[in-house]
Amino acid sequence: MSAPGLELSDEALAELRAALDPGHLLVDRELCAGFEHDITGRFGGAACAVARPADTAQVAAVVRICAKRAIPLVPQGGNTGLVGGGVPRGGELVVWLGRLQQLGDVDQVAAQVIVGAGVTLEQLQRHAHAAGLDVGIDHGARAAATICGMAATNAGGGLALRYGTMRAQIAGIEAVLADGSILRRLSGVLKDNAGYDLPALLIGSEGTLAVITAVAVRLVPAHRHRVTALVGLAGMEDALALFATLRQRVGSLVGTDFFDACGLARVRDHRGLRAPFERAWPVYLVIECAADVDPTEELAGAVEESGIALDVAFADDSQGRAKLWAYRELQNESVAAGGVPHKLDVSVRIPDVPRFAAEVRDLIAAFDATAEVILYGHLGDGNVHVNVLGPDPDDARVDVAVLELVARYGGSISAEHGVGIAKREHLHLSRSRAEIDAMQRLKHALDPGDILNPGCVLPAGGSATRPRQSATGG
Ligand code: S2G
Ligand code: ZN
């Protein structure tokens with residue numbers, strides 16, 4: 001039984017069923033439920049149905065039907081998104097891409113591999129390691145996050161300092177456009193200026209311009225030595241000073257993530273972890289280095305030279321490194337265990353991070369003295385994940401206050417998680433009117449029927465939003 005008021009017409013259901021493998025159009029409420037809410041619990045709604053295409057051709061057939069019948073659709077991969085862009089708002093067809101499991105042979109010479117939409121980051125990492133290479137992006141949600149979902153949001157993670165965001169890892173793309181036509185640029189040719197760079201436009205478009213069905217991923221050398229250091233520090237100013245030293249002195253630097261005492265306490269509570277050091281420190285920096293010559297000396301020397309480390313632990317074996325990273329990578333899950341958080345993934349200029357971090361704490365305290373503020377993120381990218389527990393999840397005033405502060409710093413209201421639904425009405429804080437108008441015109445040109453993830457990324461009322469026809473799909 002599909003959701004009341006969201007029924008697709010019998011003809012639409014029949015057409016969709018004919019386009020998919022048997023049993024891969026879900027309408028039963030229980031079966032759809034698993035695709036309808038995000039991991040923070042803040043976003044979601046009833047889908048009119050869930051389509052589970054097996055390959056690009058079936059994705060194209062489903063999109064063609066949606067275009068013909070004005071059925072809005074939400075592409076979904078691992079559903080690890082945090083801004084509400086990968087779950088229905090109410091009435092959309094979820095197009096789940098998890099069955100597109102293509103994992104091509106690694107091209108050792110080009111150091112590239114073609115990956116289907118449903119392949120997870122962890123699967124790709126294993127595949128690359130087996131070929132003696134590595135993936136230039138990593139983050140805590142690797143077991144569930146899919147490569148094409150990461151392409152759609154231009155994901156970042158902890159290695160962006162060395163390798164860039166998802167955009168820099170992609171050498172080609174295959175995607176289904178709003179009319180069901182297939183854009184295929186998977187040759188992996190690196191220098192290709194023949195016309196507009198449509199793949200670049202689709203990366204980070206959050207499913208609003210096309211449904212990405214495969215990408216050609218550029219792989220990176222798998223260095224023989226990886227070393228991780230966890231450093232206890234007196235505050236963010238010291239973390240920044242240490243980062244500056246590392247940046248100058250440590251050529252093998254791959255990433256520098258930070259977290260605070262609140263976040264560490266939550267992770268320890270949530271997972272029963274022992275403290276990393278005897279004493280608790282206000283701020284912690286996780287430093288990742290990778291090289292073919294053991295970088296431990298270089299790293300230890302720089303930490304020593306900085307003269308600001310209050311405690312430090314090193315690890316060069318995968319188990320020891322995972323233990324140190326766990327304090328950082330479990331932040332998201334541990335905060336979510338404390339309630340429905342206000343999550344603001346923002347970025348400011350690197351030198352501004354300490355002042356911004358102090359100001360955002362004061363701002364939130366003035367708004368709600370009982371609120372708990374947990375800050376963590378990627379210092380080397382100026383990327384701060386502001387998490388607030390306490391204020392009513394539906395009270396957006398704290399979110400707006402933080403995003404307005406980011407705008408005063410000339411930063412971005414979305415560093416790596418995308419705009420989604422959560423921030424669409426705040427886009428003007430980081431983008432000019434001219435830019436937003438240009439985006440609206442692009443959206444209308446590529447998706448005139450506004451069926452691709454409608455309401456995501458762009459503010460309401462632009463030329464792309466049309467009076468909605470019924471979601472019953474005609
Ligand atoms: C991180 C994951 C999601 C979040 O931990 O780096 O990108 O905001 C985040 O907690
Ligand atoms: Zn992050």
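In which helix is A67 found? In this predicted model, A67 is part of helix α3, which covers residues 56-69. With a relative accessibility of 37%, A67 counts as partly exposed. Although 380 residues separate A67 from D447 in sequence, their C-alpha atoms are 9.1 Å apart in space.

**The zinc ion and ligand 1**

The zinc ion, which is ligand 2, is coordinated by three named donors, H378 through NE2, H385 through NE2 and E416 through OE, at distances of 1.8 to 2.1 Å. Read along the sequence, these donor residues follow the spacing H-x6-H-x30-E. H378 belongs to strand β15 (residues 372-378), while E416 sits in the loop between α15 (397-408) and α16, so this pair ties together parts of the chain that are 38 residues apart in sequence. Are these two donors buried or exposed? H378 has a relative accessibility of 5% and therefore counts as buried, the cut-off being under 20%. E416, at 9% relative accessibility, likewise counts as buried.

Ligand 1 is surrounded by L82, R328, N332, K343, Y376, H378, H385, E416 and H417. Among these surroundings, H378, H385 and E416 are also the residues named as donors to the zinc ion. The table gives distances between an oxygen atom of ligand 1 and a polar atom in the side chain of a surrounding residue.

| Residue | Distance to an oxygen atom of ligand 1 |
|---|---|
| Y376 | 2.4 Å |
| H385 | 3.1 Å |
| H417 | 2.8 Å |

H385 therefore appears in two roles, since its NE2 atom coordinates the zinc ion and an N or O atom of its side chain is 3.1 Å from an oxygen atom of ligand 1.

**Cavities and a pocket**

How many cavities of 30 Å³ or more does a search of the whole structure find? The search finds 2 of them, and the second largest has a volume of about 30 Å³. The lining of this second largest cavity is made up of L82, V83, K343, L344, D345, H417 and K423, and these residues divide into 3 nonpolar, 1 polar and 3 charged. Some names recur here, for L82, K343 and H417 line the second largest cavity and are also listed among the surroundings of ligand 1.

The second largest pocket holds about 650 Å³ of space. It is lined by 28 residues, of which G204, S205, R431, M439 and V457 are the closest to its centre. The elements that give two or more residues to this lining are α8 (198-202) and α16 (433-446), and the largest share, 4 residues, comes from α16. By type, the lining of the second largest pocket divides into 13 nonpolar, 10 polar and 5 charged residues.

Helix α16 also holds H444, which counts as partly exposed at 30% relative accessibility. H444 and G98 are 346 residues apart in sequence, and their C-alpha atoms are 28 Å apart in space.

**Backbone angles and a further pair**

Most residues other than glycine have a negative phi. Against that background, two residues may be read together. N154, which is not a glycine, has a positive phi of about 50 degrees; N154 is found in the loop between α5 (147-153) and α6 (160-163), and it is buried, with a relative accessible area of 16%. D450, also a residue other than glycine, has a positive phi near 50 degrees. D450 lies in the segment after α16 and is buried, because its relative accessible area is 5% and the cut-off for buried is under 20%.

Where does A111 lie? A111 is placed in the loop between β4 (93-96) and β5 (112-116), and with a relative accessible area of 16% A111 is buried. The C-alpha atoms of A111 and L133 are separated by 7.7 Å, and the two residues are 22 residues apart along the chain.

How values were computed:
Residues numbered from 1 in each chain as written. Chains lettered and ligands numbered in written order. Predicted model: local features only at pLDDT ≥ 70, side-chain atom pairs only at ≥ 80, totals over all residues. Heavy atoms only, no water. 1 Å grid on protein atoms, 1.4 Å probe; cavity = no way out; pocket = protein on both sides within 12 Å on 5 of 7 lines; lining within 4 Å. Points joined across faces, edges and corners; volume = space filled by probe spheres on them. Nonpolar A, V, L, I, M, F, W, Y, C, P; charged D, E, K, R; others polar. Donors = N, O, S within 2.8 Å, 3.2 Å for Na, K, Ca; no water. Buried < 20%, exposed > 50% of the residue type's maximum accessible area, 1.4 Å probe, protein only. Near = heavy atom within 4 Å. Polar contact = N/O pair within 3.5 Å; in protein donor to acceptor, adjacent residues only side chain to side chain.
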